[in-house]
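Colleague: I'm new to this structure, and I'd like a close look at one part of it. Could you take me through the side-chain contacts, charged groups and then rings?

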Amino acid sequence: TETALVEEERSPELVDVNAASAVDRTAGIQIAISYDVGGAAAGSRRPSAQSSASELVAAARACAPANRHWDRCLQRTLLSRTTSLPPSIRQRLEEADGCLQRGAYAEAVPSLEYALLGSKREPWLQSTVWRLLGNVHLSLGNYKNASVCYLHNLAFCRELSDLKGITGAECNLGIAYMKLGLLKLAGRCFLQYLHNSRSLLRDEQGAARALSNLGMLSKTLAVRSYEKGLDPRRASASAGQEEAGLPLQEEEGDGHRLEEEDETVELIEEIEANLRRAISYFEQHLTIVEQFGDLDKQARAYGNLGSCYEMLHEYPQAIFCHNKRLEVSRMTGDRRSECCTLCNLGNCFRATAQLEDALEYYTMNLELAQVTGNLSLEAVSLLNLGATCELLKRLEKAVEWYTLYLSIMVQVGDLKGQARGFTTLAGLYQETGQLVKAQEYYKKLVSVFQQMGDGVACRAATHFLQCVERAMRGGGRAGSTRRRKSKRRRVPTADARGVHCSRSGSLDHLEVEDSPLVR
């Protein structure tokens with residue numbers, strides 16, 4: 001059984017099998033020799049520290065992620081075939097099965113490791129348990145351990161000449177590499193997955209999953225390219241400010257302006273190339289899932305296409321895709337998908353200065369988020385409503401929305417969200433001359449950054465606090481905390497988590513993407 005995760009994806013450059021960088025190659029080798037099974041891994045076959053680099057890198061041609069929606073693999077494929085195993089091994093497998101079915105993944109690890117140690121002469125059992133163990137570690141966020149488990153799974157599948165198992169291991173290993181940031185290795189895994197599914201297994205649904213994963217990888221590579229293009233002098237000095245939405249101070253002078261413009265042009269071209277590649281993969285994925293009538297995957301495909309067009313600032317195409325996704329989500333009753341799509345449509349209308357339409361979609365987004373009880377979606381809705389009211393110069397209403405957003409961040413204990421809320425409100429109060437309130441919120445912002453241990457952002461917030469206090473004493477003007485417009489060409493404004501950020505620092509995009517698919 002193969003299901004979709006709702007997670008973030010990272011993306012590699014899609015290259016030849018032999019084109020991985022030395023760094024990626026070395027990292028893959030180090031991962032391949034690092035897992036201990038209950039402190040007694042010597043009893044289980046695996047790549048040894050003496051294995052050649054070529055063997056380990058070859059074994060790394062794999063891909064497919066962990067699955068939070070467990071496929072009852074133990075009950076269906078293991079327990080029905082293990083009558084010849086010692087009672088202790090069977091008991092451990094049954095314990096693991098119970099843990100997986102109730103979602104207690106960490107509790108399943110010791111039982112699965114025990115089963116590995118007791119099944120040295122059963123390659124098919126070792127293969128399946130390694131895969132399950134990899135799924136558990138991936139679900140728990142232990143991506144390094146997950147990658148090693150999938151390498152073992154791949155090795156046993158090859159020993160058994162299990163082509164379908166090999167293909168699944170390739171998919172799973174690619175997901176683990178993706179989570180570890182080994183993007184080129186992940187890309188090679190997904191390409192191999194696509195080749196096996198199409199050319200060897202004649203599995204169109206498997207090909208659709210591979211195309212979706214490749215699309216997400218390409219999209220994430222575009223985001224990575226954008227991040228690489230940030231001014232390193234400012235990026236290193238203001239990471240905390242950016243994360244919390246704290247505006248950067250402008251620097252005077254035009255040093256290296258022409259050089260920066262050339263680099264910006266190259267950056268835009270690189271980003272666009274990756275996004276066009278992602279769109280191509282998503283369109284192929286959509287074509288296949290439409291043939292099979294899979295509405296859930298169609299909705300995610302349209303969402304992915306819409307977000308790519310948004311990043312390219314091609315809003316008519318983005319609106320078309322998001323409307324298609326909204327239509328399908330309502331057909332299937334997927335309220336979370338519907339909620340995120342309403343948010344995305346609001347983003348498109350706001351980007352094209354259709355602010356009243358944006359407000360309408362954000363309001364529907366908020367109402368649906370409140371019905372579903374999803375605080376994360378509700379917080380994003382409030383932030384978007386505040387930003388749009390701010391653009392409409394309805395500052396009192398903007399303050400109201402931002403205050404509600406901040407209350408949710410305090411309720412859930414999200415320090416980064418609190419920093420964003422305090423920054424936005426302090427800036428608004430400062431702009432409208434309410435310096436006492438601005439001072440209060442800057443003090444709270446300094447306190448939040450101190451709790452986060454972010455010294456750079458704390459100093460920046462202290463600077464703005466001092467500006468406000470000087471203005472209160474009549475000793476000068478309060479320095480503005482709003483960003484000035486950049487003269488650079490527009491580039492996609494998305495961070496690596498798939499959440500777009502407006503130039504004022506507020507979250508304005510939350511998307512559910514078709515995530516790496518699990519075998």
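Modeller: Let's start with a term: a salt bridge here is a side-chain nitrogen of Lys or Arg within 4 Å of a carboxyl oxygen of Asp or Glu. Keep in mind that this is a predicted model. Searching the whole structure turns up 11 salt bridges. One of them joins Arg330 to Glu338, with 3.0 Å between the closest N and O atoms. The two partners sit in rather unlike surroundings. Arg330 has 46% relative accessibility and so counts as partly exposed, while Glu338, at 14%, counts as buried. The cut-off behind that word is simple: buried means under 20% relative accessible area.

Next up is Arg394, which pairs with Glu356 in a salt bridge whose closest N and O atoms are 2.5 Å apart. Where do Arg394 and Glu356 lie? Arg394 is in the loop between helix H18 (375-391) and helix H19 (395-412), and Glu356 is in helix H17 (residues 355-372), so this pair ties together parts 38 residues apart in sequence. Both ends are partly exposed: Arg394 has a relative accessible area of 36%, and Glu356 comes in at 44% relative accessibility.

Helix H19 has a salt bridge inside it, too. Lys397 and Glu400 both belong to that helix and are three residues apart, about one turn of the helix. Their side chains meet in a salt bridge at 3.3 Å, N to O. Lys397 is partly exposed, with a relative accessible area of 34%, and Glu400 is partly exposed as well, at 38%. Elsewhere, Glu272, Arg276 and Glu314 are joined into one network by salt bridges that share partners.

Now for the rings. The structure has four aromatic pairs. Take Phe349 and Tyr361: their ring centres are 5.3 Å apart and their planes meet at 15°, so the pair is stacked. The reasoning rests on a cut-off, since planes under 30 degrees apart count as stacked. Phe349 lies in helix H16 (residues 335-351) and Tyr361 in helix H17, so the two rings tie together parts that are 12 residues apart in sequence. Helix H17 is also where we found Glu356. Both rings are tucked away: Phe349 counts as buried at 12% relative accessibility, and Tyr361 is buried with a relative accessible area of 18%.

Another pair, Tyr429 with Tyr441, is tilted, with 5.5 Å centre to centre and 35° between the planes. This one links distant parts of the chain, with Tyr429 in helix H20 (residues 415-431) and Tyr441 in helix H21 (residues 435-452), 12 residues apart. Tyr429 is buried, at a relative accessible area of 7%, and Tyr441 is buried at 11%. These two don't stand alone, either: ring pairs link Phe422, Tyr429 and Tyr441 into a cluster.

Finally, let's see where charges and rings come together. Tyr441 turns up again here, because Lys444 lies over its face, at 5.3 Å from the ring centre. In another spot, the charged end of Arg92 sits over the ring of Tyr114, 4.1 Å from its centre. So if you want one residue to begin with, try Tyr441: it pairs with Tyr429, belongs to the cluster with Phe422 and has Lys444 over its face.

Note on methods: Residues numbered from 1 in each chain as written. Predicted model: local features only at pLDDT ≥ 70, side-chain atom pairs only at ≥ 80, totals over all residues. Heavy atoms only, no water. Buried < 20%, exposed > 50% of the residue type's maximum accessible area, 1.4 Å probe, protein only. Helix = DSSP H or I, 4+ residues; strand = E, 2+ residues; numbered from the N terminus. Phe/Tyr/Trp six-rings, centres within 6.5 Å; stacked < 30°, edge-to-face > 60°. Lys NZ or Arg CZ within 6 Å of the ring centre and 35° of its normal.
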